[in-house]
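Biologist: Could you walk me through some of the labels you put on a model, and the reasoning behind them? I would like to see each value set beside its cut-off.

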Amino acid sequence: MERLLLATDSLEPSGVGEHMLALAEGLRDDFDIVIAAPGRARGDLLSRALHRGFGAAALTGDDAAFMAAQAFEIAHIHAGIGWEGLDLVETASRTGIGTVLRTEHLPDVITDPAQRSAHLRALGHVTGLICVSAAAAASFVAAGVPAAKIHVVHNGVLPEEPRRDRAEMRHGLGVAPNAPLAVTVARLTEQKNHAALLAALPDIITAQPEFRLVLVGSGPLEDDLRAAAAPWGETVLFLGHRRDVPDLLAAADLFVLPSLFEGLPLSLIEAMAAGLPAVASAIGGNDEVVDSGVTGILAPPGQLAAAVTELLADRGRAAAMGRAARLRFETHFSHSRMSRDTRHVYARLRKDAGSQGRTLP
């Protein structure tokens, strides 16, 4: 069985870590898998990998000896943002691993010339680049990455069934059984644009006085967002990092994601798997997940309030969208489809590497 390394050097491997675990589950019958991440990274990615029966390794920043000793045939590096994982790519290549590839989990957002040069230099060490959406792929082509090197593999998730029902979760949150409840699952960063959602609250509450909003996640903007939400009291609940997201989704009527930019957001796919309609910003990536008007509504930030109140005012339509979302998840965004597509990329890259090799800078 071939040995596969799934690695990230992100110190916040939240969504990236979930992606890696789901991918590993889908590939476990074909590969002997080791998941690697910095030992000082937040979260429990490595312990969860061990619990699921995968190998796990703590990266130190000097990882050539580890990679060589493990005799990997494939190294698959995952980058939460463009400047992550560049050293890992070069190390894997120079160690002699036959197939080295990289997944970009966001579109190209590099603006610093030195970072741009480092990114393009590192790509000289890979046989291929996976982008998680067509929009992300287009952004890297625009940045100078050869289109022939890029492969689009949409994200997929391994859904978890809720352990507690809607009534129990709402009681625990202090939310009335019939109160309209929206959930957002996202790190509290500028990218996720929670400020636009909080700015929409006055109009939403005017239309739906019992409205409640649950924000799941932590991040550097937490204090600022709490201050902005303070006038609304218990309308907005900050729950921090949670391991019971499936239970929270089961308690909700609506999922909201007002991001400024995305790759292909796992949280939207998880909401689809839970049968929730979504209101999301009309940006690349989101528009490859949400079928606007069918599984949810895509809206500019300034129209979030109108989109949220539109769905909450017609529960029947929202429920129909939720059913359509679940069907779209099953047909387009399962972890088995993602794993199958990734396996095909591996096979193609190994064939190309064997016939052409890599051009190193």
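Modeller: Happy to; what follows is a set of questions and answers on this predicted model.

Biologist: Let's start with the rings. What makes F31 and Y346 an aromatic pair, and why is it called edge-to-face?

Modeller: The ring centres of F31 and Y346 are 5.7 Å apart, and the cut-off for a pair is 6.5 Å. The planes meet at 85°, and anything over 60 degrees counts as edge-to-face, so both parts of the label hold.

Biologist: How do you know that this pair links distant parts of the chain?

Modeller: F31 sits in strand 2 (residues 31–38) and Y346 in helix 16 (residues 335–356), with their positions 315 residues apart in sequence. F31 and Y346 are also both buried.

Biologist: How many aromatic pairs does the structure hold?

Modeller: There are two. In the other one, F66 and F72 have centres 5.9 Å apart and planes at 65°. That distance is within 6.5 Å and that angle is over 60 degrees, so this pair is edge-to-face too. F66 and F72 are both buried.

Biologist: A71 is in that stretch of sequence as well. What makes its backbone worth a remark?

Modeller: A71 has a positive phi of about 55° although it is not a glycine. Most residues other than glycine have a negative phi. A71 lies in the loop between helix 3 (64–70) and strand 4 (74–79).

Biologist: Why is A71 called partly exposed?

Modeller: Its relative accessible area is 45%. Buried would need a value under 20% and exposed one over 50%, so A71 falls in between.

Biologist: Which label goes to N193, buried or exposed?

Modeller: N193 has 13% relative accessibility, which is under 20%, so the label is buried. N193 also has a positive phi, near 60°, without being a glycine, and its place is the loop between strand 8 and helix 8 (194–199).

Biologist: And T235, which is also in a loop: why is T235 called buried?

Modeller: The value for T235 is 15%, again under the 20% limit, so T235 counts as buried. The loop runs between helix 10 (222–229) and strand 10 (236–240). Setting aside residues up to four places away in sequence, T235 touches I205, F211, R212 and L213.

Biologist: Now the interior. What makes up the largest nonpolar core?

Modeller: That core has 36 residues, and F255 and L268 have the most contacts inside it. Helix 12 gives the largest share, six residues. Other elements supplying at least two residues each include strand 11 (254–257), strand 12 (278–281) and helix 15 (315–332). In soluble globular proteins, nonpolar side chains tend to be buried together.

Biologist: How do you know that helix 12 is largely enclosed?

Modeller: Seven of its eight residues are buried, so the rest of the structure largely encloses helix 12. The buried ones are L266, S267, L268, I269, A271, M272 and A273. A271 has a relative accessible area of 0%, so it clears the 20% limit for buried. After helix 12 comes G275, with a positive phi near 75°.

Biologist: What do L268 and A271 touch, leaving out neighbours within four places in sequence?

Modeller: L268 is in contact with F255, L257, A278, A280, N286, V289 and V290. A271 touches L249, F255 and L276.

Biologist: Is there empty space inside? How many cavities of 30 Å³ or more does a search find?

Modeller: The search of the whole structure finds one. The largest cavity holds about 40 Å³ of space, which is over the 30 Å³ threshold. Its lining consists of H19, L23, H76, T103, I130, V132, V153 and T342.

Biologist: How does that lining divide by residue type?

Modeller: Four residues are nonpolar, four are polar and none is charged.

Biologist: H76 is in that lining. How far is H76 from V89?

Modeller: Their C-alpha atoms are separated by 8.5 Å, with their positions 13 residues apart along the chain. V89 belongs to helix 4 (residues 86–95). With a relative accessible area of 0%, V89 is under the 20% limit, so it is called buried. Outside its neighbours within four places in sequence, V89 contacts I77, V100, R102, A122, H125 and V126.

Notes. Residues are numbered from 1 along each chain as its sequence is written. This is a predicted model: local features need pLDDT of at least 70, side-chain atom pairs count only at pLDDT 80 or more; totals for chains, interfaces and linings use all residues. Side-chain values use heavy atoms; hydrogens and water are left out. Rings of Phe, Tyr and Trp (its six-membered ring) pair if their centres lie within 6.5 Å; planes under 30 degrees apart count as stacked, over 60 as edge-to-face and the rest as tilted. Helices (H or I, at least four residues) and strands (E, at least two) are DSSP runs, numbered from the N terminus. Buried means under 20% relative accessible area, exposed over 50%, partly exposed in between (1.4 Å probe, protein chains only). On a 1 Å grid over the protein atoms alone, a cavity is a set of points where a 1.4 Å probe fits but cannot get out, and a pocket is an open set with protein on both sides within 12 Å along at least five of seven lines; lining residues have an atom within 4 Å of a point. Grid points are joined across faces, edges and corners, and a volume is the space filled by probe spheres set on the points. Ala, Val, Leu, Ile, Met, Phe, Trp, Tyr, Cys and Pro count as nonpolar, Asp, Glu, Lys and Arg as charged, and the others, Gly among them, as polar. A nonpolar core is a set of buried Ala, Val, Leu, Ile, Met, Phe, Trp, Tyr and Cys residues joined through side-chain atoms within 4.5 Å. Contact means heavy atoms within 4.5 Å.
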